[in-house]
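Work through the exercises below with the sequence and the coordinates at hand. Each task is followed by a stepwise solution.

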Amino acid sequence: QVQLVESGGGLVQAGGSLRLSCAASGSFFRINSMGWYRQAPGKQRELVAAMTSGGSTNYASSVKGRFTISGDNAKNTVSLHMNSLRPEDTAVYYCNFNGIPRIGFERDYWGQGTQVTVSS
């Protein structure tokens, strides 16, 4: 059974940096994509950054140039480096893997979420 464990959230001042990490336990037959989503109070969950198994990346326009996603398919890990943080980046950040486990069908897997708070 695949489970995702996140780490690295916290409180930071505007302009600061944080690094989020996510590791998937269990094994995949194939990983299609890895990514990060966030959900602020009263708002819908939104994509922050994602990368395919081939290395293509996609970023929300609000984080382009400030955030960088990196991942390792072999190690089942994905990270999000966040620079120049703004108060509007405050949210719960969720790690996401999409793929096919060794036993089972293609689906999305989610981490438990980690709080990122940026003070002004």
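Two exercises follow, one on the whole chain and one on a single residue.

The model is predicted: local features require pLDDT of at least 70, side-chain atom pairs count only at pLDDT 80 or more, and totals for chains, interfaces and linings use all residues. Residues are numbered from 1 along each chain as its sequence is written, and side-chain values use heavy atoms, with hydrogens and water left out.

**Exercise 1.** Determine the secondary structure content of the chain and compare its radius of gyration with that of a compact globule.

*Solution.*
1. Take helices (H or I, at least four residues) and strands (E, at least two) as DSSP runs numbered from the N terminus. The chain has 11 strands and 0 helices.
2. The radius of gyration is computed over C-alpha atoms, and the globule rule is 2.2 Å times the number of residues to the power 0.38. For 120 residues a compact globule would have a value near 14 Å, and the chain, at 14 Å, agrees with this.
3. The C-alpha trace spans about 45 × 25 × 25 Å along its principal axes.

**Exercise 2.** Characterise the surroundings of Asn98 and decide whether Asn98 is buried or exposed.

*Solution.*
1. Locate the residue: Asn98 belongs to strand S9, residues 91-101.
2. Buried means under 20% relative accessible area, exposed over 50%, and partly exposed in between (1.4 Å probe, protein chains only). Asn98 has 14% relative accessibility and therefore counts as buried.
3. With contact meaning heavy atoms within 4.5 Å, and with neighbours within four places in sequence left aside, Asn98 touches Ile31, Asn32, Ser33, Glu106, Arg107 and Asp108.
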